[in-house]
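Visitor: I am new to this structure, and I would like a close look at a single part rather than a quick tour. Please choose one sheet, go through it slowly, and then place it among its surroundings.

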Amino acid sequence: EGSRVTKGQLLIELENTQVTDIAFNPTGTLYAVTSGSFNYLYSYSNFPKLLSSYDDGLTAVAYFNGDIYVTSIDADNKGSLLRYTTELEVVEDFGTVDSIVNTMTVHNDVLFLGMENGSVYTFDGVTLDKIVELSSPAKSLVSDSNLLYLVLKNDSSIYIYNGETFFDSGA
């Protein structure tokens, strides 16, 4: 069976394909990336629109600085950060195994990327910086506009970013 995302109606249904992430822009347009038999980037306002396809699987999507950013995973388990303007173009190739971006979010006008290898990067639109390397893979990054929260795989803690590093919230 295929994956299905709905926003009032059917958006995506593709055989052997899953929706791996979604994001919204400030005007409410939904962006979705799929991975599997079909590696697509979609936008959805009133109707679904296929924006781009990609050879490698797509793992995350975020709307940042007026552009759509997606991440991919290749056959060697290495990730890339891509920007979509009129087509997908590579911003950064991460050259190590397990450099897959599992999660992305925007916090304080900076794009944060959480990796399978435990690294967390920031991207300001020009420069990509590794800010921390943790012992477990990043599972989810969430911003509430005040604080940035990180959840790791196989870890029951919630980590909070203080502007320099992540600390265990004790929760």
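Guide: A word on terms comes before anything else: helices, of at least four residues, and strands, of at least two, are DSSP runs, numbered from the N terminus. Counted in this way, the protein has zero helices and 18 strands. The model is a predicted one, and each value below is computed from it.

The whole protein gives the setting for the part. Its radius of gyration is 16 Å, close to the 16 Å that the globule rule gives for 171 residues, so the protein is as compact as a globular protein of that length. Along the principal axes, its C-alpha atoms fill a box of roughly 40 × 35 × 35 Å. Of the 171 residues, 44% count as buried, while the protein exposes about 8700 Å², of which carbon and sulfur atoms supply 43%. Among the contacts with a separation of 6 or more, 29% are between residues 24 or more positions apart.

The part I would choose is the open sheet of four strands in the order β11-β12-β13-β14, where the pairing is antiparallel. Its edge strands are β11 and β14, each of which pairs on one side only, and the twist from one strand to the next averages 25 degrees. In general, the strands of a sheet pair through backbone hydrogen bonds, in either a parallel or an antiparallel sense. Here β11 and β12 are antiparallel partners over six bridges, and one place to look along them is T103, which stands opposite G114 in β12. The loop between β11 and β12 holds D109, whose phi is near 60 degrees, a positive value in a residue other than glycine. D109 counts as exposed because its relative accessibility is 66%, and the cut-off for exposed is over 50%.

From this sheet one can move to the nonpolar core. The largest such core has 14 residues, and those with the most contacts inside it are Y69, L81, F94, M104, L111, L113 and F123. Strands β11 (101–107), β12 (110–115) and β13 (119–123) each supply at least two residues of this core, and so does β7 (57–64). It is a general tendency in soluble globular proteins that nonpolar side chains are buried together. Y69 gives a good view of these surroundings: leaving aside neighbours within four places in sequence, Y69 is in contact with M104, L111 and F123, and also with A60, V61, A62, F64, L81, L82, R83 and V91.

At the other edge strand, attention turns to the loop between β14 (128–133) and β15 (138–143), where S136 has its place. S136 counts as buried because its relative accessibility is 17%, and the cut-off for buried is under 20%. Not counting residues up to four places away in sequence, S136 touches G118, L152 and K153.

L152 leads on to β16 (residues 148–152), which pairs with β17 (residues 158–161) in the antiparallel sense over four bridges; within that pairing, L150 has Y159 of β17 as its bridge partner. The hairpin of β16 and β17 has five residues between the strands, and N154 there takes a positive phi near 55 degrees. Strand β17 is also joined by three bridges to β18 (residues 166–168), again running antiparallel, and there Y159 stands opposite D168. The hairpin of β17 and β18 has four residues between its strands, and G163 in the turn has a positive phi of about 100 degrees.

For comparison with D109, look at N77, which lies in the loop between β8 (67–73) and β9 (79–84). Its phi is near 65 degrees, a positive value in a residue other than glycine, and N77 counts as partly exposed because its relative accessibility is 28%.

A further sheet can be set beside the chosen one. It is an open sheet of four strands in the order β3-β4-β5-β6, with antiparallel pairing. Its edge strands, each pairing on one side only, are β3 (17–24) and β6 (48–53), and the twist averages 25 degrees from one strand to the next. Within it, four bridges join β4 (residues 30–36) to β5 (residues 40–44), the two running antiparallel, and L30 stands opposite Y44 in β5.

Terms used: Residues numbered from 1 in each chain as written. Predicted model: local features only at pLDDT ≥ 70, side-chain atom pairs only at ≥ 80, totals over all residues. Heavy atoms only, no water. Core = buried A, V, L, I, M, F, W, Y, C linked by side-chain atoms within 4.5 Å. Buried < 20%, exposed > 50% of the residue type's maximum accessible area, 1.4 Å probe, protein only. Contact = heavy atoms within 4.5 Å. Pairing = 2+ DSSP bridges. Axes fitted to C-alpha atoms, helices over the stretch in contact; angles between N-to-C directions. Rg over C-alpha atoms; globule rule 2.2 N^0.38 Å. Areas by Shrake-Rupley, 256 points an atom, 1.4 Å probe, with all protein chains shown as cover.
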